[in-house]
Amino acid sequence: MEGQKLTALKAGASGTVVAIEGGALLARRLEALGIRPGVHIIKRSSQLLRGPVTIAVGNSRLAIGHGMAKRILLKTKDR
Amino acid sequence: MIKILLMGNPNVGKSVIFSRLTGVHVVASNYPGTTVGYTRGTMKVQDSTAEVVDVPGTYTLDPTCKAEEVAVEMCGDGDLIINVVDATNLERNLNLTLQLLKKKVPMVVALNLWDEARHVGITIDQKKLEELLGVPVVPTVAVTGEGILELVRHLSQARPGTLEYDDGERWHEIGRIVEQVQQVTHRHHTFWERLGDASIHPLSGAPIALIVLAVTFYIIRIVGEGLIGFLFDPLFERLWSPLMIRLSNLLGSSGVLHDILIGRLTDARIDLIESLGLLTTGIYVPLAMVLPYVFAFYLVLSLLEDSGYLPRLAILMDTLMHRIGLHGLAIVPMMLALGCNVPGTLATRILETRKERFISITLMAICVPCAAQLAMIVGLLGRAGWWGIPALFGVLLVVWISLGMLLNRLVPGESPEIFVEIPPYRLPYLSGLFKKMWMRIRGFLLEAVPFVILGVLVINILYTLGIIDLLGRLTEPIITGVLGLPRDAVGALIVGFMRKDVAVGMLAPLDLTAGQLVTAGVVLTMYFPCVATFVVMARELGVRDMLLAMAIMVIASLAVGGLLNLLLQKGGLP
């Protein structure tokens with residue numbers, strides 16, 4: 001599947017969501033918070049040791065656990 | 001009485017609007033069968049009274065967690081819906097709005113955080129939005145009160161809405177609406193936004209967290225001790241005790257009724273802690289010892305919640321907490337427990353799964369000393385040399401981590417990953433904050449206090465029947481053999497159930513070595529919670545889990561105590 005994992009991006013990088021890997025439940029939860037294919041996300045920071053990832057979507061900030069974050073696939077400008 | 005439901009995303013200011021609409025008579029309840037809370041109140045609409053319900057925040061009517069399930073169920077129950085929308089996040093908030101429109105319930109939209117939207121460069125054409133949705137749209141700034149009067153005036157114009165769309169096309173429809181009503185202009189990051197980001201980043205976040213925690217504990221100590229020193233102790237000493245002595249004389253200073261109500265006298269005076277009477281200890285313990293810290297802690301917790309700092313702390317702690325099977329938010333009950341284990345235990349309701357609640361409640365009772373225990377530790381171990389106190393805290397920390405990891409493996413169930421919205425830093429709305437505090441304190445008074453009184457009664461009866469002494473004699477060989485403490489220490493451990501710092505007083509004259517002091521201190525902290533905590537734990541966990549927790553407590557304290565005995569005493573340290 002095309003796209004980079006959210007967890008692979010550097011802090012400060014941004015991209016557009018292409019897909020959510022895995023089951024429907026995660027996709028639903030993410031969608032409710034505004035994360036769905038076509039939406040632009042900025043990665044703000046990631047914690048050490050596989051901790052939660054902080055992202056910005058529109059005007060809101062979200063923290064997502066590592067396991068969930070690595071299932072969000074993005075398309076960035078340089079790929 | 002018509003029922004008005006306040007619905008919207010979390011963190012949009014629903015509670016502030018609720019607070020503005022309702023009076024002082026608000027009730028906090030749990031939705032039946034869940035730990036999800038909601039609040040109800042009443043307001044005057046034209047000439048009649050309406051019930052207002054603050055429904056738990058939800059992002060969607062397609063539920064993804066318990067709080068959302070409850071919101072969905074409650075949604076079918078209302079006559080009128082006030083949909084509180086965050087003007088700074090219009091697109092995401094409209095997701096719920098559109099879903100609510102399908103319910104065809106009369107609705108009004110409160111476009112809240114209107115001032116914040118302006119600050120971030122967002123303008124929304126509310127007339128156009130009203131036209132597109134088919135329901136009244138009222139801009140509000142709940143914290144200042146702007147727009148609230150308008151909102152109430154528009155309630156009579158609530159209608160089911162005219163927008164029609166296909167479910168599959170919802171986001172497309174939302175995009176279309178947002179395009180027509182919202183304009184965004186660029187602006188620079190504000191100081192608070194930068195501070196908000198800094199608070200999460202591990203390097204800058206950790207020092208900020210330490211500062212916040214230090215200030216928190218300072219406030220709690222001041223408020224808690226202040227209440228005890230200036231209000232409750234004088235009240236009890238000057239008013240209540242003399243009254244009790246008079247009652248005691250009236251009852252002839254002895255006899256069953258006397259002992260139950262007033263307890264046993266010490267040198268013809270009433271010791272409010274040791275007498276074990278319903279009217280003495282039964283009232284003194286919850287009101288003068290626990291309540292001041294409960295008040296202080298709820299004050300601080302509400303401030304941390306409403307300012308927006310709490311989720312940031314949870315994120316910083318999350319990685320570490322997951323190793324011991326807990327969600328980052330579990331740091332909150334643990335912090336509360338450092339003042340008093342009672343609000344700490346009650347606070348575990350914010351955790352989603354039974355496994356998390358069990359682990360956090362058990363770890364808390366074993367490893368987190370409350371303010372009274374902290375005083376005890378300092379008093380007892382002051383004489384154990386410079387290494388005594390750090391040793392004790394070191395042991396507690398190690399046990400907390402290792403027991404946590406162990407329980408994480410053994411207890412079946414899930415610890416869900418963190419997934420939270422991080423609200424911007426906001427100035428708390430004081431009136432709403434005090435209302436929230438009042439509701440929590442009232443919850444404590446109604447839920448915990450009657451059971452503490454019951455606990456005191458039970459102990460009193462057990463004492464009278466000689467069962468306590470019997471327990472003492474039975475456990476003696478363990479106390480002396482495994483823990484290496486003298487026989488008389490047994491009495492201290494028994495009394496420790498009621499009040500741990502009194503137990504210290506009993507250990508003081510026993511002339512223990514430093515090693516014995518550390519062992520005794522650790523065991524006293526770990527083996528059993530005080531009666532108030534015990535009672536609240538039992539109610540939160542249920543009988544089966546409570547017995548399991550008790551077994552873990554006893555085994556853990558014996559194991560650690562025994563180990564300390566070997567290392568410190570036999571190992572030849574001073």
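**Exercise 1. Work out how many residues of chain B are in contact with how many of chain A, and which elements supply them.**

Step 1: count the contacts. In this predicted model, 24 residues of chain B are in contact with 25 residues of chain A. Here, contact means that the C-beta atoms of two residues, placed from the backbone, lie within 7 Å.

Step 2: list the elements on the chain B side. Those giving two or more residues are helix H3 (90-101), helix H8 (191-200), helix H12 (310-323) and S10 of chain B. S10(B) gives the most, with four residues. Helices (H or I, at least four residues) and strands (E, at least two) are DSSP runs, numbered from the N terminus.

Step 3: sort that side by class. You get 10 nonpolar, seven polar and seven charged residues. Nonpolar covers Ala, Val, Leu, Ile, Met, Phe, Trp, Tyr, Cys and Pro; charged covers Asp, Glu, Lys and Arg; the others, Gly among them, count as polar.

A note on bookkeeping: residues are numbered from 1 along each chain as its sequence is written, while chains are lettered from A and ligands numbered from 1 in the order in which they are written. Since the model is predicted, local features need pLDDT of at least 70 and side-chain atom pairs count only at pLDDT 80 or more, whereas totals for chains, interfaces and linings use all residues.

**Exercise 2. Check the confidence scores of the two chains and of the model.**

Step 1: take chain A. Its mean pLDDT (the predictor's confidence in each residue, from 0 to 100) is 85, and 95% of its residues reach 70 or more.

Step 2: look inside chain A. Confidence is lowest in strand S3 (residues 40-46), at a mean of 86, and highest in strand S4 (residues 53-57), at 91.

Step 3: do chain B and the whole model. Chain B averages 84, with 97% of the residues scoring at least 70. The model scores ipTM 0.90 and pTM 0.80.

**Exercise 3. Trace the open sheet that includes strands of chain A and S10(B).**

Step 1: write down the order. Seven strands run S1(A)-S6(A)-S2(A)-S3(A)-S4(A)-S5(A)-S10(B), with antiparallel pairing. Two strands pair if DSSP finds at least two bridges between them.

Step 2: find the edges. S1 (4-5) of chain A and S10 (419-422) of chain B each have a single partner strand, so one side of each has no neighbour in the sheet.

Step 3: zoom in on two pairs. S5 (residues 60-64) of chain A and S10(B) are antiparallel over four bridges, and A:Arg61 stands opposite B:Ile422. Likewise, four bridges join S2 (residues 14-20) of chain A to S6 (residues 72-75) of chain A, where A:Val17 stands opposite A:Leu74.

**Exercise 4. Describe the open sheet with the order S2-S3-S4-S1-S5-S6-S8 in chain B, and the helices on it.**

Step 1: set out the sheet. This one has seven strands and mixed pairing. Its edge strands are S2 (27-30) and S8 (137-139), each pairing on one side only. Neighbouring strands are turned by 25° against each other on average, direction ignored. For angles in general, axes are lines fitted to C-alpha atoms, for helices over the stretch in contact, and angles run from 0 to 180 degrees between N-to-C directions.

Step 2: add the helices. H5 (residues 126-133) of chain B touches S6 and S8 of chain B, and its direction makes about 155° with that of S8(B). H3(B) lies across S1, S5 (80-86) and S6 (107-112) of chain B, at about 165° to S5(B).

Step 3: compare pairings around S4(B). S1 (residues 3-8) and S4 (residues 48-54) of chain B are parallel over four bridges, with B:Leu5 partnered by B:Val53. S3 (residues 37-45) of chain B and S4(B) are antiparallel over seven bridges, and there B:Gly41 has B:Val52 as its bridge partner. The S3(B)-S4(B) hairpin has two residues between the strands, and B:Gln46 takes a positive phi near 50°.

**Exercise 5. Characterise the packing of H9(B) against H11(B).**

Step 1: get the geometry. H9 (residues 202-250) and H11 (residues 281-307) of chain B pack at about 150°, with axes 8 Å apart. That makes H9(B) roughly antiparallel to H11(B), a label for angles over 145 degrees (under 35 is roughly parallel, 65 to 115 roughly perpendicular, the rest oblique).

Step 2: sort the contact by class. There are 17 nonpolar, two polar and one charged residues. Among them, B:Phe232 and B:Asp233 are in H9(B), and B:Tyr293 is in H11(B).
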